[in-house]
Amino acid sequence: MQSERDAKDRQLDEHRVPLDDHTMTTDQGIPVDDTDNSLKAGTRGPTLMEDFHFREKITRFDHERIPERVVHARGSGAYGIFELYEPLGEYTCAEFLNDTSARTPTFVRFSTVAGFRGSADTVRDVRGFATKFYTSQGNFDIVGNNIPVFFIQDGIKFPDFVHAVKPEPHWEIPQAQSAHDTFWDFIQLQPESLHMVMWVMSDRAIPRSYRMMQGFGVHTFRLVNAQGQGTFVKWHWRPKLGTYSLVWDEVLRIQGNDPDFNRRDLWEAIERGAYPEYELCVQLVPESREHDFDFDLLDPTKIIPEEQVPLRPIGKMTLTRNPQNFHAETEQVAFHTANVVPGIDFTNDPLLQARNFSYLDTQLLRLGGPNFTQIPINRPIAPVRNDQRDGFHQHLIHESRTSYAPNSISGGCPAARDGYRHYQEKVEGTKIRRRSPSFENHYSQATLFWNSMADWEKRHIVAAFLFELGHVERPPIKQAMVAHLGRIHPDLGAAVAQGLGLPAPGGGQVHSRTSPALSMTGQPRSVATR
Ligand code: HEM
């Protein structure tokens, strides 16, 4: 598969620096005669400012760093190919979801969320699973995580949430006791986070390998067909190898022995030809069924249980190629939830809408202005033509003499026609700044998650809570969390209370009721590696 070169790989050739010429030059192309000794007056200095090679070399070094991502700073990337199983014209007019002969190039970046760029891979954390599809109609991104729900319902809470997760501002010690207090303080005051917290305390938050990890678009998106009819869609990636986790004891040992455990595993597997494969599955909900659920489809703290809407596999992505340069490709790639192609649209999920603002905004800073879409990894393979111009680092030389529309002067002026049509979404209500009452239930799916776990998985979850809350200094935060856990399930609340030496929530006794198992994933459960 590696020998078959795809359109993105061929496009990157235009930007690759050949290995065959060994003459060192400056950035101006001037041959360099000595790169080991700066130009000096006499044998013992001083160094002369006229040594332009010395000045350029030091200046370039001084400017090597760009800001790391504000979240998801630690990541690993790979190129792949997406192949469609069956045309989906009934639901979407997206070309790459209709043409089964198309081999759509992709770039994936897996990441942790909270840690810095140089932090360890195998921490208890959410993992990012972001995929860029270089389609014939432009770039489409699924910017997902390995957990199908999120901590908050409204993006305006994202800065608060991230500030509670990140090290405290005064000393930036990530594992400080008091940093546990800030996270759990936020959670105890923000019960909409509880469903996600259950996933994060489970073994899902310590995946064994990026090759064995699911991905979820989280939000409900929308597919739109050629007739303009919409269908709600949830995106799921399912690894062909199955879903596997580490266990906590392994995590502690691996972190010391090999902090790059997941990154190395991905790289080495691709190098030896063990290409990771993921099926893309969808849950499709007709618009007529929008209100058939006991939760709101627009609430990103909820899953659609597979018992209610089964997963439908629609295609497969195979990761076949490692990047050649970490900075140029993995660090400079820019994913964005608003990168959609015709046939794919948004919903009014308030978290999604905040993301549709946030990614471009942060990338303008992180990647130095509006021309970052011209960076090779971000360039679409579809042609790009518009009247946007100038800005820092403009690489294109537009030949048109005008850059405005409408325009009767310049024959080559690009016309807006037959393009992306926004879905005609209905708008309800007249009140502003109001959270829908349909977003108020914070416990039922957390309970569903607990009930779906095997006994040993429940033991791991309790142990994770004991470890985490055991590091919290302030008793009222622990007590409040135990009360929430008791509302999720009395067994959970009682077990955690007992372990922390606190009274059981509500004075309740330990329940021994076994719960019916619910497959939320259609995948083998997380299992320990040994
Ligand atoms: C980065 C996922 C919520 C802001 C990322 C990345 C992923 C991701 C996978 C890493 C992208 C990469 O590899 O380059 C998610 C998911 C969310 C979520 C699944 C919820 C469902 C939010 C929200 C905001 C936000 C609510 C802000 C309102 C950001 C920012 C970055 C980021 C600023 C850094 C982007 C960059 O510098 O390129 N997110 N995120 N995210 N996310 Fe989110």
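A residue counts as buried if 20 or more other C-beta atoms lie within 10 Å of its own, as exposed if 12 or fewer do, and as partly exposed in between. Keep that rule handy, because glutamate 172 gives us a quick way to try it: this residue has 11 C-beta neighbours inside 10 Å, so it counts as exposed. We'll come back to glutamate 172 after a look at the whole protein.

What you have above is a predicted model, so let's start with how confident the predictor is. The average pLDDT of the protein is 92, and 94% of the residues score at least 70. There is a weak patch, though: over residues 508-530 the pLDDT is below 50. That stretch still has 43 contacts in the model beyond near neighbours in sequence. Where pLDDT is low, the predicted coordinates should not be read in detail. As for the model's other scores, the ipTM is 0.93 and the pTM is 0.94.

Now zoom out. The protein is built with 13 helices and 10 strands. Its radius of gyration is 26 Å, close to the 24 Å that the globule rule gives for 530 residues, so the protein is as compact as a globular protein of that length. If you drew a box around the C-alpha atoms along the principal axes, the box would be roughly 80 × 70 × 50 Å. Buried residues account for 36% of the 530 residues. And take the contacts between residues at least 6 apart in sequence: 72% of them join residues at least 24 apart.

Next, find the ligand. Which residues come closest to it? They are Arg69, His72, Arg109, Gly128 and Ser358, out of 28 residues that surround the ligand. Several elements each supply at least two residues of this shell: β2 (103-112), β3 (127-135), β4 (138-145) and α9 (350-366). Helix α9 gives the most, with 8 residues. Sorted by class, the shell holds 14 nonpolar, 10 polar and 4 charged residues.

One of those closest residues, histidine 72, deserves a second look. Histidine 72 sits in the loop between α2 and β1 (75-84). Is it buried or exposed? Histidine 72 has 23 other C-beta atoms within 10 Å, so it is buried. Its backbone is a bit of an oddity too, with phi near 60°, a positive value in a residue other than glycine. Most residues other than glycine have a negative phi, and most peptide bonds are trans.

Here's where glutamate 172 returns. Glutamate 172 also isn't a glycine, yet its phi is positive, about 50°. You'll find glutamate 172 in the loop between α3 (158-165) and α4 (177-189). So we have histidine 72, which is buried, and glutamate 172, which is exposed.

What about peptide bonds that aren't trans? A cis bond joins glycine 45 and proline 46, with omega about 5°. Proline 46 is in the loop between α1 (7-12) and α2 (52-62). Another cis bond joins alanine 405 and proline 406, where omega is about 0°. Proline 406 belongs to the loop between α9 and α10 (444-451).

Stay with prolines for a moment and look at proline 300, in the loop between β8 (277-286) and β9 (312-321). Being in a loop doesn't leave proline 300 out in the open: with 26 other C-beta atoms within 10 Å, this residue is buried. Leaving aside residues up to four places away in sequence, proline 300 touches Val149, Phe150, Gln153, Val218, His219, Asp349 and Leu351. The C-alpha atoms of proline 300 and threonine 220 are separated by 7.7 Å, although these residues are 80 residues apart along the chain.

Finally, head towards the end of the chain. Helix α12 (residues 475-488) has 14 residues and reaches 20 Å from its first C-alpha to its last, close to the 20 Å expected at 1.5 Å a residue. Its buried residues include Ile477, Met481, Val482 and Leu485, and Lys478 and His484 are buried as well. A little further on, glycine 501 lies in the segment after α13 (490-500). Buried or exposed? Glycine 501 has 8 C-beta neighbours inside 10 Å, so it counts as exposed. Compare its C-alpha with that of proline 191: the two residues are 310 apart in sequence and 23 Å apart in space.

Technical notes
Residues are numbered from 1 along each chain as its sequence is written. This is a predicted model: local features need pLDDT of at least 70, side-chain atom pairs count only at pLDDT 80 or more; totals for chains, interfaces and linings use all residues. pLDDT is the predictor's confidence in each residue, from 0 to 100. Two residues are in contact if their C-beta atoms, placed from the backbone, lie within 7 Å. A residue is near a molecule or strand if its C-beta atom, placed from the backbone, lies within 6 Å of it. Helices (H or I, at least four residues) and strands (E, at least two) are DSSP runs, numbered from the N terminus. Ala, Val, Leu, Ile, Met, Phe, Trp, Tyr, Cys and Pro count as nonpolar, Asp, Glu, Lys and Arg as charged, and the others, Gly among them, as polar. The radius of gyration is taken over C-alpha atoms; the globule rule is 2.2 Å times the number of residues to the power 0.38. The expected span of a helix is 1.5 Å times one less than its number of residues.
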